[in-house]
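Hi,

Here is the structure I promised to pass on to you. Have a look at it first, and my notes come right after.

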Amino acid sequence: KFIMKLLENNKKDFSFESIYNEYKDIIYNLCCRYLNNKDEAEDACHDIFIKIYKSIDSFKGESKISTWIYRLTINHCLNCLRRKKIIKFITFENFIEVEKQDTDTIINNFLSDYEKSEMSKILHKAIEKLPDKQKTALILNKFEDLSYQEIAKIMDTTLSSVESLIFRAKQNLSKQLLRYFKK
């Protein structure tokens, strides 16, 4: 409701309205992936759009607006998680990637809803153990479908650093998850 009031009060400023319309779903989905709670994701979205509204004039245009918005969203979500000391992420249905394993075999081993639910819990615990930078790079690549170059801009790091972060994240997850996939 507050966002709608901002839009109504600023009919002259179509840039905020266009940003809101273009990025509301992206920001909400990213918040859901980080916070794993729809209510918290909605609250985070409101906070993020307030931040965007208040600081849009300070955007220098040195990067894409999407890069700036992703960075703002990720930082906000990480701060929320740090405050709560609870880090939950993606579900089993969204991510299965274990090196040297056949994904079809893994999926076939976990067909029932109960097994998927249990695997999701295991995956959440494994992801909780990843360092923040590895989590961020992995989520942006696997779930936001961003290129390594885009991730490097968002994370304000080099392309080789992003490649390394994603590689290490996959290795760390593989080590943690492989024992669950052995028969």
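Below is what I found, starting with the pocket and moving on to the salt bridges and one glutamine.

Please keep in mind that this is a predicted model.

**The pocket**

The largest pocket holds about 230 Å³ of space. Its lining is made up of 14 residues, and those nearest the centre are Asn 75, Leu 78, Lys 133, Thr 136 and Met 155. If you want to find the walls by helix, look at H4 (65–84), H7 (132–142), H8 (148–155) and H9 (159–181), since each supplies at least two lining residues. Which of the helices gives the most to the lining? That is H4, with five residues. In terms of chemistry, the lining is a mixture: five residues are nonpolar, four are polar and five are charged.

**The salt bridges**

How many salt bridges does a search of the whole structure find? There are two.

One of them pairs Arg 33 with Glu 144, and their closest N and O atoms are 2.4 Å apart. This pair ties together distant parts of the chain: Arg 33 sits in helix H2 (residues 14–35), while Glu 144 is in the loop between H7 and H8, 111 residues apart from it. Arg 33 has a relative accessible area of 22%, so it is classed as partly exposed. Glu 144 has a relative accessibility of 13% and therefore counts as buried, the cut-off for buried being under 20%.

The other salt bridge joins Asp 132 and Lys 135, with 3.7 Å between the closest N and O atoms. Here both partners belong to helix H7 and are three residues apart, about one turn of the helix. Is Lys 135 buried or exposed? Lys 135 counts as buried, because its relative accessibility is 3%. Asp 132, in contrast, is partly exposed, with a relative accessible area of 26%.

**A glutamine in H9**

Helix H9, which you met in the pocket lining, also contains Gln 176. With a relative accessible area of 19%, Gln 176 falls on the buried side, as buried means under 20%. What does Gln 176 touch, leaving aside residues up to four places away in sequence? Its contacts are Lys 125, Ala 126 and Lys 129.

If you open the model, you could begin at Asn 75 and Leu 78, two of the residues nearest the pocket centre, and then turn to Arg 33 and Glu 144 for the salt bridge between distant parts of the chain.

Happy browsing, and all the best

Notes:
Residues are numbered from 1 along each chain as its sequence is written. This is a predicted model: local features need pLDDT of at least 70, side-chain atom pairs count only at pLDDT 80 or more; totals for chains, interfaces and linings use all residues. Side-chain values use heavy atoms; hydrogens and water are left out. On a 1 Å grid over the protein atoms alone, a cavity is a set of points where a 1.4 Å probe fits but cannot get out, and a pocket is an open set with protein on both sides within 12 Å along at least five of seven lines; lining residues have an atom within 4 Å of a point. Grid points are joined across faces, edges and corners, and a volume is the space filled by probe spheres set on the points. Helices (H or I, at least four residues) and strands (E, at least two) are DSSP runs, numbered from the N terminus. Ala, Val, Leu, Ile, Met, Phe, Trp, Tyr, Cys and Pro count as nonpolar, Asp, Glu, Lys and Arg as charged, and the others, Gly among them, as polar. Buried means under 20% relative accessible area, exposed over 50%, partly exposed in between (1.4 Å probe, protein chains only). Contact means heavy atoms within 4.5 Å. A salt bridge is a side-chain nitrogen of Lys or Arg within 4 Å of a carboxyl oxygen of Asp or Glu.
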